[in-house]
Amino acid sequence: RFQQVQSMMCDLMEWRSQLLSGTLPKDELKELKQKVTSKIDYGNKVLELDLIVRDEDGNILDPDKTSVISLFHAHEEATNKITERIKEEMSKDQPDYASYSRMSSSPTHSLYVFVRNFVCRMGEDAELFMSLYDPQKSTIISENYLVRWGSRGFPKEIDMLNNLKVVFTDLGNKDLSRDKIYLVCQIVRVGRMDLRDSNSKKYTQGLRRPFGVAGTAVS
């Protein structure tokens, strides 16, 4: 039982980190909340604790604001779900200690990135957006890290020279199990509409236009 609860706690800690990261879209956030509440209810059953009834969004029902009939149906539905879950767990031949390899590592991981230089013949200011990308699902799995680069080949904030560092945090075991993860840098040019414009009276300054993209595999 201890190993079973330990495995559940590792899952809950990993999911909690994902919830606190604030990077999940609304549908995935709702799905993850349901997984968390389902795991908690199942753990309470294993530990022979009281059953907690919830609404569709996973919130605990208030007995003072919920009718007896509704509470009964909620208890019945929760009991059926937990019973099905127990049957699924019992049908697995995999022993509990098989998850030791996963639990031996930290439930969350981080990626440290140090931007040393940006070399590109552009002639104008640029904005660099760096993020982690899953090519299998064609989706970005992290927030963007923004670096503003000047036209003279230095960061716009000169005091940030040799200090452009970022840590992509709250990467769970699910992220490490992806086939590939890329560090992608999107380059946005900030300045004239056309680089060939030379007369200051004919062009508008401060326009943001996509210029290029770069990427490298990190896993």
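**Close-up of C120 and the cysteines of the predicted model.** In this predicted model, C120 is partly exposed, because its relative accessible area is 33%, a value between the 20% limit for buried residues and the 50% limit for exposed ones. A search of the whole structure finds 0 disulfides. C120 accordingly takes part in no disulfide, and the nearest cysteine sulfur, that of C185, lies 9.8 Å away; a disulfide would require the two sulfur atoms to be within 2.5 Å.

**Close-up of C10.** C10 counts as buried because its relative accessibility is 13%, and the limit for that class is under 20%.

**Close-up of the largest nonpolar core.** The largest nonpolar core comprises 20 residues, among which M130 and Y145 have the most contacts inside the core. Two or more residues are contributed by each of the strands β1 (108-115), β2 (125-134), β4 (145-149), β5 (164-172) and β6 (182-191). In soluble globular proteins, nonpolar side chains tend to be buried together.

**Close-up of the surroundings of M130.** With residues up to four places away in sequence left out, M130 touches V115, E143, N144, Y145, V147, F168, L183, V184 and C185. One of these partners, Y145, shares with M130 the position of having the most contacts inside the core.

**Close-up of S21 in helix α1.** S21 belongs to helix α1, which spans residues 2-21. Setting aside neighbours within four places in sequence, S21 is in contact with E143 and D170. The C-alpha atoms of S21 and L171 are separated by 9.2 Å, although the two residues are 150 residues apart along the chain. E143 is a contact of S21 and is also touched by M130.

Terms used:
Residues are numbered from 1 along each chain as its sequence is written. This is a predicted model: local features need pLDDT of at least 70, side-chain atom pairs count only at pLDDT 80 or more; totals for chains, interfaces and linings use all residues. Side-chain values use heavy atoms; hydrogens and water are left out. A nonpolar core is a set of buried Ala, Val, Leu, Ile, Met, Phe, Trp, Tyr and Cys residues joined through side-chain atoms within 4.5 Å. Buried means under 20% relative accessible area, exposed over 50%, partly exposed in between (1.4 Å probe, protein chains only). Helices (H or I, at least four residues) and strands (E, at least two) are DSSP runs, numbered from the N terminus. Contact means heavy atoms within 4.5 Å.
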